[in-house]
Amino acid sequence: MISFVTALVLLILGYFLYGKVVERVFKTDANRKTPAIANPDGVDYIAMPWWRLFLIQFLNIAGTGPIFGAVMGIMFGPAAFLWIVFGTIFGGAVHDFISAMISIRQNGASLTEIVGSQLGKGVKTVMLVFTVILLVMVGAVFVSQPAALLHGLVPSVSVTIFAVIVFLYYILATLLPVDKIIGKIYPVFGFIFIFMALGLLFSIFRTNAPIPELWENFYDMHPKNLPIFPMMFVSIACGAISGFHATQSPLMARCITNEKYGRRVFYGAMVTEGVVALIWAASASAFFASMYPQCPNGIIALQQYAADGHETAEIVAAICKGWLGTVGGILAIIGVVVAPITSGDTALRSGRLIIADFLHLEQKSIVKRLLVALPMFAITFLIMNLQADVLWRYFAWSNQTLSIFTLWACTVYLFKEKRQFIITIIPAMFMTAVCTCYILVAPEGFSLNYSLGVFGGVAMAVIFLGIFIYWANKYRKTTIAK
């Protein structure tokens, strides 16, 4: 329990202390007009209060990542607590905040436009393809997951029917003005999602749940002997750092009314997601201990429950019903259903805006919106039929890889602006090593020897650093010459 409480306190302090440092490094300007004030269009550029944007941003980036990812991640051991805390404070929240603030400074530019402006047109084209594929995968993944969970709540309705209903909702949310559906219902959904997490937090303290301590069980505990590095860092994505978040931030960057709210909306939403992930990791490591008294600790009990054939969704449902009772359990499961839906719809909306920005197509006209969105809907529908676990693994790796592009672009931006780019270059190098190592050693990757994979990951991080140093020196000389 001490490790969990300490981690929780550190996350909250991280927002107030390091979040303020990051804000000062970027130098937010309360007197500068934001895109929502300077260029409102009634569709995507619509001014909204910061608290509403915070709840929308939180739901946009959450999905099932901080829940399912945390449950899978804690199977590696209490080291997951460290990654959630430090990954969120120094990685994910910095990634989300800086990329969002750059978007605000560039008139609400989408992620591909931001990366292209910093890393060049060639990288921009690669990013366009990579990002749209990722967003389509998010849309597909987050149709099947909530459909399955809804079927569990209402067995009389088939998964297929729920999938069609969810998909039709995605179409509406992608095409309608942002304040018509997203701006109205997300704050309510956000409250339900946060209520669920707070209910579990209360249950942890009420039951005095036996959460393993870092100094007792820090070592790798994964039942399939998967190494903590890089596997845990990919399993716990949205609860620590996620490239997908940078595709969502421009949606709110187009609606924020003042730069001074940036830390609350973007850094704050990521810290809140980290708190949710931490609560779920702790809950999953403690709840099943009473069901398997023969197990020495809760993490091994969780592994046993999973080994008995229970999927992650069943683990989540069992915790909700067991600790929160019937009503609380239903509300909590609804929260789990809402989370992926509210990421899937904005993923496809982001895809529409990214493609439109790249093709320079205005989006005030419904015809132009359909022109961009219909092909994307068709592709999403096709890949929904892929095997779910395969689709999720490729999504997870692609998601983390996207953060590499974003962090290096943020580093270049801060360097050009003569800011302390160390806040982004360190997480950029770390994620480069993680994602490279993962694709080299993972079964869905090249399945290479682990030591070779680690060497390859570190080598790639060093290569990227070398490229940056070479570019920085060249940029300095060119600037001085001018």
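His360 is placed in the loop between helix 16 and helix 17 (366–383). In this predicted model, His360 has a positive phi of about 60° although it is not a glycine. The residue is exposed, with a relative accessible area of 68%. Lys418 also has a positive phi of about 60°, again without being a glycine. Its place is in the loop between helix 18 (388–416) and helix 19 (422–441). At 77% relative accessibility, Lys418 counts as exposed, because the cut-off for that class is over 50%.

Another backbone feature is found at Phe229 and Pro230, which are joined by a cis peptide bond with omega of about 5°. Pro230 lies in helix 12, which covers residues 228–235.

Helix 9 (residues 159–175) offers a check on helix geometry. Its 17 residues, at 1.5 Å a residue, should span 24 Å, and the end C-alpha atoms are 25 Å apart, so the two values agree. The buried residues of helix 9 include Phe162, Phe167, Tyr169 and Tyr170. Ala163, Val166, Ala173, Thr174 and Leu175 are also among the buried residues of this helix.

The next topic is the nonpolar interior. In soluble globular proteins, nonpolar side chains tend to be buried together. Here the largest nonpolar core has 176 residues, and of these Tyr267 and Trp280 touch the most other members. Helix 16 (residues 312–359) supplies the largest share of this core, with 19 residues. When residues up to four places away in sequence are not counted, Tyr267 touches Gly14, Tyr15, Tyr18, Gly19, Val22, Ile89, Ala93, Val94, Phe97 and Gly262.

Ser283 has its place in helix 14. At 0% relative accessibility, Ser283 counts as buried. Leaving aside neighbours within four places in sequence, the contacts of Ser283 are Leu200, Ile204, Ile319 and Trp323.

Aromatic residues pair in many places: a search of the whole structure finds 31 aromatic pairs. In one of them, the rings of Trp50 and Tyr261 have their centres 6.5 Å apart and their planes at 25°; the pair is therefore stacked, since planes under 30 degrees apart count as such. Trp50 lies in helix 4 (residues 50–62), while Tyr261 lies in the loop between helix 13 (244–253) and helix 14 (262–286), so the pair ties together parts that are 211 residues apart in sequence. The two partners fall into separate accessibility classes: Trp50 is partly exposed, with a relative accessible area of 30%, whereas Tyr261 counts as buried at 17%.

Trp50 also has a charged partner. Arg264 lies over the face of Trp50, at 4.9 Å from the ring centre. A similar arrangement involves Arg263, whose charged end sits over the ring of Tyr15, 4.9 Å from its centre. Tyr15 is also one of the residues touched by Tyr267.

Elsewhere in the chain, Trp408, Phe415, Phe421, Phe464, Phe468, Trp471 and Tyr475 form one aromatic cluster.

What is the count of disulfides in this model? The count comes to 0. A disulfide is a covalent bond between the sulfur atoms of two cysteines. For Cys410, the nearest cysteine sulfur is that of Cys435, 15 Å away, and Cys410 is in no disulfide. Cys435 is in no disulfide either: its nearest cysteine sulfur, that of Cys437, is 10 Å away. With the cut-off at 2.5 Å, these distances explain why neither Cys410 nor Cys435 is counted as paired. Both residues are buried, Cys410 at 1% relative accessibility and Cys435 with a relative accessible area of 2%.

The last residue to consider is Asn39, found in the loop between helix 3 (35–38) and helix 4. Asn39 is partly exposed, with a relative accessible area of 38%. Leaving aside neighbours within four places in sequence, Asn39 is in contact with Tyr45 and Asn107. Asn39 and Leu440 are 401 residues apart in sequence, and their C-alpha atoms are 45 Å apart in space.

Key:
Residues numbered from 1 in each chain as written. Predicted model: local features only at pLDDT ≥ 70, side-chain atom pairs only at ≥ 80, totals over all residues. Heavy atoms only, no water. Phe/Tyr/Trp six-rings, centres within 6.5 Å; stacked < 30°, edge-to-face > 60°. Helix = DSSP H or I, 4+ residues; strand = E, 2+ residues; numbered from the N terminus. Buried < 20%, exposed > 50% of the residue type's maximum accessible area, 1.4 Å probe, protein only. Lys NZ or Arg CZ within 6 Å of the ring centre and 35° of its normal. Core = buried A, V, L, I, M, F, W, Y, C linked by side-chain atoms within 4.5 Å. Contact = heavy atoms within 4.5 Å. Expected span 1.5 Å × (residues − 1).
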